[in-house]
Amino acid sequence: MFAKFEAHINTNFPFLNQASLLIACSGGLDSVVLAHLCHHLGFDMTLGHCNFKLRDGESDGDQTFVETLSKDLGLGYRTRTFDTQEYAENHRGSIQMAARKLRYQWFLELAQTEEFDYVLTAHHADDALETFIINLSRGTGIDGLTGIPVQNGHIIRPLLPFARREIQEFAEANKLEWREDSSNADTKYLRNKIRKEIIPELKTLHPTFLENFGTTQANLQQQKALGDIYIQKVKSAVFEEKEGRTYIKLSSLQSLQPLEAHLYELFKPYGFTDWKNIQALLAAESGKEIHSKTHRLLKDREHLLLSEHLERDDGNYVIPEGTSTLGDPIALCMETVDQLQDGHKLAIYVDNEKLNYPLILRNWKKGDYFYPFGMQGKKKLSKFFKDEKMDVFSKEDQWLLCSGDDVVWVVGKRADDRFKVDANTRQILKISLLV
């Protein structure tokens with residue numbers, strides 16, 4: 001197995017020979033074999049162990065075992081203890097999911113703080129088959145059937161081509177010691193039941209069942225790769241990036257068939273996984289929106305608007321008299337000038353003596369109104385925005401420059417007539433938006 005492993009590394013991961021590695025080591029058979037194989041290759045490596053405190057003294061025994069292993073191999077060692085039970089209860093998840101999340105969070109934190117280039121885990125071919133069956137039993141798409149990725153960012157799984165049988169034979173032939181996790185025998189856990197009862201039966205169907213499964217999964221991965229290429233082409237045709245957000249034309253989106261599959265694949269990267277919610281949004285009235293954990297999707301007339309969830313500062317920004325420049329939250333320049341120049345939306349000229357300082361820069365809110373420059377009477381900003389055909393996101397992002405409660409400038413859009421320069425003006429203030 002060592003020769004096969006070395007060839008696998010040299011062919012697929014030659015960069016590991018010059019990398020600094022964190023080897024995830026539970027003390028079980030798979031991770032102990034991975035540690036020995038990597039050590040034989042002379043990798044620059046450190047063992048990382050998680051103590052989840054789930055099996056009384058057994059968990060502490062695992063920790064001691066991995067620490068001893070690291071000393072025997074002359075390797076660095078890192079460990080962390082977790083209250084996994086409490087975490088699972090607080091986050092309303094299973095113990096297995098809690099342990100998984102805690103493990104990967106710590107590994108990635110450790111990789112960042114101690115500058116490990118990659119984290120290696122000991123997942124193997126039987127693990128991939130177990131995951132396939134679990135996902136199949138729960139209902140899944142091609143993503144769930146393509147299995148555990150051999151590499152996911154900084155996480156690499158170099159044992160995926162190897163069967164559990166090969167790994168155990170290597171350990172026994174080299175008289176390696178490892179720890180047995182007693183919970184692995186408990187078939188109340190779905191993965192254990194699949195491992196102990198279902199997979200052995202499947203392997204009786206054909207002597208090379210596991211190898212055949214590997215071929216099937218490789219084929220599925222290639223099909224997924226082709227699908228990803230197609231979706232990117234569709235996305236480039238339907239999605240338009242403009243001013244920090246994405247516009248998706250409804251007519252183009254609705255022409256895609258099958259619509260449900262397209263909706264799922266196009267919006268999945270943004271955290272939307274229920275195509276039915278998106279499909280309902282297509283027929284909803286303007287202003288309706290749905291949310292994922294990271295993004296907003298808004299119906300606006302003939303488009304869907306996609307935007308990240310951003311932390312908004314809805315506070316007021318105070319601009320004292322005499323301020324010449326403002327950099328945050330937007331860039332403004334204020335200067336006194338002798339005469340008016342040709343006007344444009346990015347600059348206004350006001351009578352400085354009509355202003356009450358300090359000026360206030362704030363976001364628009366319902367009920368705001370102003371007196372549009374060159375017009376008689378006042379106008380609600382909500383009506384002005386509608387006339388300007390501004391979408392909900394643009395309204396939320398709109399800044400107002402105010403003198404007390406009065407709007408001086410709908411920034412970048414329209415000045416207020418009350419502050420205009422007239423025959424009695426003695427000091428002209430030019431205010432410019434820098435873009």
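The chain folds into 15 helices and 22 strands. Its radius of gyration is 31 Å, well over the 22 Å that the globule rule gives for 435 residues, so the chain is more spread out than a compact globule. This is a predicted model. Along the principal axes, the C-alpha atoms fill a box of roughly 100 × 50 × 40 Å.

**The chain as a whole**

How much of the chain is buried? Of its 435 residues, 43% count as buried. The accessible surface comes to about 24000 Å². Carbon and sulfur atoms supply 49% of that surface. Contacts often link distant parts of the sequence. Among contacts with a separation of 6 or more, 66% join residues 24 or more positions apart. Charge is carried by 54 positive and 63 negative side chains. The centres of these two sets lie 6 Å apart.

**Helix α6**

Helix α6 takes in residues 125-138. Its 14 residues should span 20 Å at 1.5 Å a residue. The end C-alpha atoms are 20 Å apart, which agrees with that expectation. Is α6 mostly covered or mostly open? It is mostly covered, with ten of its 14 residues buried. Among the buried residues are A125, D126 and D127. L129, F132, I133 and I134 are also buried. Several helices help to cover these buried residues, including α7 (142-145) and α8 (164-173). Further cover comes from α9 (190-203) and α10 (209-238). Just after α6, G139 takes a positive phi of about 90 degrees.

**Two residues compared**

Q168 and S432 sit in separate elements, as set out here.

| Residue | Element | Relative accessibility | Class |
|---|---|---|---|
| Q168 | helix α8 | 31% | partly exposed |
| S432 | strand β22 (residues 428-433) | 11% | buried |

Why does S432 count as buried? Its relative accessibility is 11%, and buried means under 20%, so S432 falls in that class. Which residues does S432 touch, leaving aside its neighbours within four places in sequence? S432 is in contact with A331, L332 and C333, and also with L346, A347 and W409.

Q168 belongs to helix α8, one of the helices that cover the buried residues of α6. With a relative accessible area of 31%, Q168 is partly exposed, because that class lies between 20% and 50%. How far is Q168 from Q221, computed between C-alpha atoms in the model? The two C-alpha atoms are separated by 28 Å, and the residues are 53 apart along the chain.

Terms used:
Residues are numbered from 1 along each chain as its sequence is written. This is a predicted model: local features need pLDDT of at least 70, side-chain atom pairs count only at pLDDT 80 or more; totals for chains, interfaces and linings use all residues. Side-chain values use heavy atoms; hydrogens and water are left out. Helices (H or I, at least four residues) and strands (E, at least two) are DSSP runs, numbered from the N terminus. The expected span of a helix is 1.5 Å times one less than its number of residues. Buried means under 20% relative accessible area, exposed over 50%, partly exposed in between (1.4 Å probe, protein chains only). Contact means heavy atoms within 4.5 Å. The radius of gyration is taken over C-alpha atoms; the globule rule is 2.2 Å times the number of residues to the power 0.38. Accessible areas come from the Shrake-Rupley method with a 1.4 Å probe; for residues, only the protein chains shown count as cover. Lys and Arg count as positive and Asp and Glu as negative; His and the chain ends are not counted. The place of a charge is taken as NZ of Lys, CZ of Arg, CG of Asp or CD of Glu.
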